Amino acid sequence: MEEPIQIGLLGLGTVGGGVFKLLQSNGQEIALKLGRPLEIKRILVRDVTRPRSVNVNPELLTTDPLAILKDPEIDIVVEVMGGLEPAREYVLEALRQGKSVVTANKDLLALHGKELFAAAEATGRDLLFEASVGGGIPIIHSLKECLAGNRISQVMGIVNGTTNYILTKMSQEGRPFAEVLAEAQRLGYAEPDPTSDIEGDDAARKMAILASIAFGTRITYPQVYHEGISQLHPQDIKYAARLGYAIKLLGIAREEEGMVEVRVHPALVPLEHPLAIVQGAFNAIFVEGDAVGQAMFYGQGAGEMPTASAVVGDIMEAARNLIHGTTGRLSCTCLAHKPVKPIWDIETRYYLRMIVKDRPGVLAAIAKVFGDRQVSLASVIQVGMVGEQAELVFITHKVREQNLREAVEIISGLPVVNQVASVIRVEGGPEQ
Ligand SMILES: NC(=O)C1=CN([C@@H]2O[C@H](COP(=O)(O)OP(=O)(O)OC[C@H]3O[C@@H](n4cnc5c(N)ncnc54)[C@H](OP(=O)(O)O)[C@@H]3O)[C@@H](O)[C@H]2O)C=CC1
Ligand SMILES: N[C@@H](CC=O)C(=O)O
Ligand code: NA
């Protein structure tokens with residue numbers, strides 16, 4: 001067999017450790033498939049003395065990035081260290097040095113994609129990032145290649161494993177938020193700062209990447225409206241279930257008449273919808289194209305080995321392209337400019353929970369405000385009592401967000417209304 005293709009690994013944490021293990025355990029099959037073996041030559045870490053879950057020769061470890069970036073024998077740099085800086089500078093330098101790059105870093109791509117792809121195009125090398133969205137699910141390649149002949153109208157799904165794990169455990173086992181989050185961190189699902197999972201930033205970055213590819217226009221992370229799950233009340237999970245819904249952190253991207261809608265927020269999803277049954281750290285992504293119709297991608301969206309599966313697939317593609325002299329054949333696909341719709345212009349259904357005075361005329365007062373703002377109600381249910389006050393749940397028909405927000409503001413000020421406790425969008429039903 002020929003000389004190995006040399007790899008430099010930036011990071012040996014959850015994902016880097018998984019990549020190391022997979023290249024060891026499946027190295028022979030991989031070499032057979034490529035016709036050349038892959039070899040990890042150096043690994044950048046912060047602390048070479050830290051105990052590792054992988055059995056690695058300490059001589060491979062370095063704290064000097066130049067030992068990888070400037071090594072002419074290294075052909076492929078794998079960035080699995082995370083964060084914006086210095087990861088951005090290292091990826092740019094690797095590309096400038098004529099190396100192909102594989103990364104799992106959605107933070108980087110969702111903010112600096114344009115600069116990174118320009119650098120890859122300048123040297124004609126590959127910049128591959130399958131692991132950045134949906135962990136092990138092959139969604140990036142599917143959108144960029146297999147579905148490239150379609151006009152994509154919608155990408156919708158669960159793209160954060162940590163929050164789906166938390167919501168699953170809270171709803172099925174009634175366990176407290178903090179306890180389940182700690183478990184997700186132990187299992188390696190969460191980001192180093194789990195706030196980005198909990199507050200929807202991680203999912204927003206992934207939706208920026210998916211929307212950019214699906215609609216062929218550059219969408220960056222700051223353009224993605226997002227809310228997380230930290231403000232969710234456990235009673236809303238309970239009431240939603242009673243009404244036939246699960247609450248999921250959904251990413252939604254749509255293109256209509258040349259405008260893109262892209263958002264991340266908790267949503268009530270009907271229990272009969274396939275996304276409602278996605279449990280634990282699993283992710284699922286629905287894609288709708290004019291030729292393919294509906295396609296759903298499902299699998300483990302986080303964790304050591306599922307993510308390593310995507311990274312190693314990309315390493316093999318980069319290696320194949322090097323072997324055949326075909327690097328850089330599939331670069332940036334953001335070729336058009338399409339404006340992003342502001343959140344107040346979106347149209348959807350809403351679940352609202354209110355604490356109100358338990359007296360006649362209250363419903364009529366609330367209904368009048370809704371009516372004045374063209375908010376049409378699909379159902380109203382009294383779910384319980386909070387002391388002397390009644391707890392009401394409303395589900396609306398589809399309405400423009402601006403109208404709903406105005407109605408909520410006026411209703412919150414009505415003397416008969418103590419509090420509009422929750423407003424959650426409803427997605428995936430017959431009206432969408
Ligand atoms: N965990 C997951 O399920 C998934 C993660 N990702 C992405 O993969 C990337 C890696 O995530 P993960 O493996 O979980 O992160 P970890 O925190 O587990 O690992 C990070 C690794 O990078 C090293 N590192 C970080 N900063 C530096 C630095 N400045 N200089 C040198 N080495 C550094 C760390 O070194 P040391 O060990 O010495 O501290 C560590 O080995 C992130 O971009 C993440 O968003 C993508 C999909 C899923
Ligand atoms: N923290 C992320 C990891 C994968 O991208 C998640 O929970 O989905
Ligand atoms: Na993926």
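Helices here are DSSP runs of H or I with at least four residues, and strands are runs of E with at least two. By that count, the protein chain of this predicted model holds 14 helices and 17 strands. The radius of gyration is 24 Å, close to the 22 Å that the globule rule gives for 432 residues, so the chain is as compact as a globular protein of that length. Its C-alpha trace spans about 85 × 45 × 35 Å along the principal axes.

Burial and contacts add to this picture. Of the 432 residues, 45% count as buried. Take the contacts between residues at least 6 apart in sequence: 75% of them join residues at least 24 apart.

Now turn to ligand 1. Its shell has 27 residues, of which Gly11, Gly13, Met81, Gly82 and Ala302 come nearest. Helix H1, residues 14-25, supplies the largest share, with 3 residues. By class, the shell has 12 nonpolar, 10 polar and 5 charged residues. Why does ligand 1 lie between two domains? Domain 1 (5-135 + 305-324) and domain 2 (140-301) both give residues to its shell, so ligand 1 lies between them.

Ligand 2 has its own surroundings. Gly135, Asn160, Gly161 and Thr162 are among the residues around it. Tyr189, Ala190 and Glu191 also belong to this shell, as do Asp197 and Asp202. Gly301 and Ala302 complete the list. The class count for ligand 2 is 3 nonpolar, 5 polar and 3 charged residues. Ala302 appears in both settings: it is one of the residues that come nearest to ligand 1, and it is also around ligand 2.

Technical notes:
Residues are numbered from 1 along each chain as its sequence is written. Chains are lettered from A and ligands numbered from 1 in the order in which they are written. This is a predicted model: local features need pLDDT of at least 70, side-chain atom pairs count only at pLDDT 80 or more; totals for chains, interfaces and linings use all residues. A residue is near a molecule or strand if its C-beta atom, placed from the backbone, lies within 6 Å of it. Ala, Val, Leu, Ile, Met, Phe, Trp, Tyr, Cys and Pro count as nonpolar, Asp, Glu, Lys and Arg as charged, and the others, Gly among them, as polar. Domain bounds come from an automatic or database domain assignment. The radius of gyration is taken over C-alpha atoms; the globule rule is 2.2 Å times the number of residues to the power 0.38. A residue is buried if 20 or more other C-beta atoms lie within 10 Å of its own, exposed if 12 or fewer, and partly exposed in between; C-beta atoms are placed from the backbone. Two residues are in contact if their C-beta atoms, placed from the backbone, lie within 7 Å.
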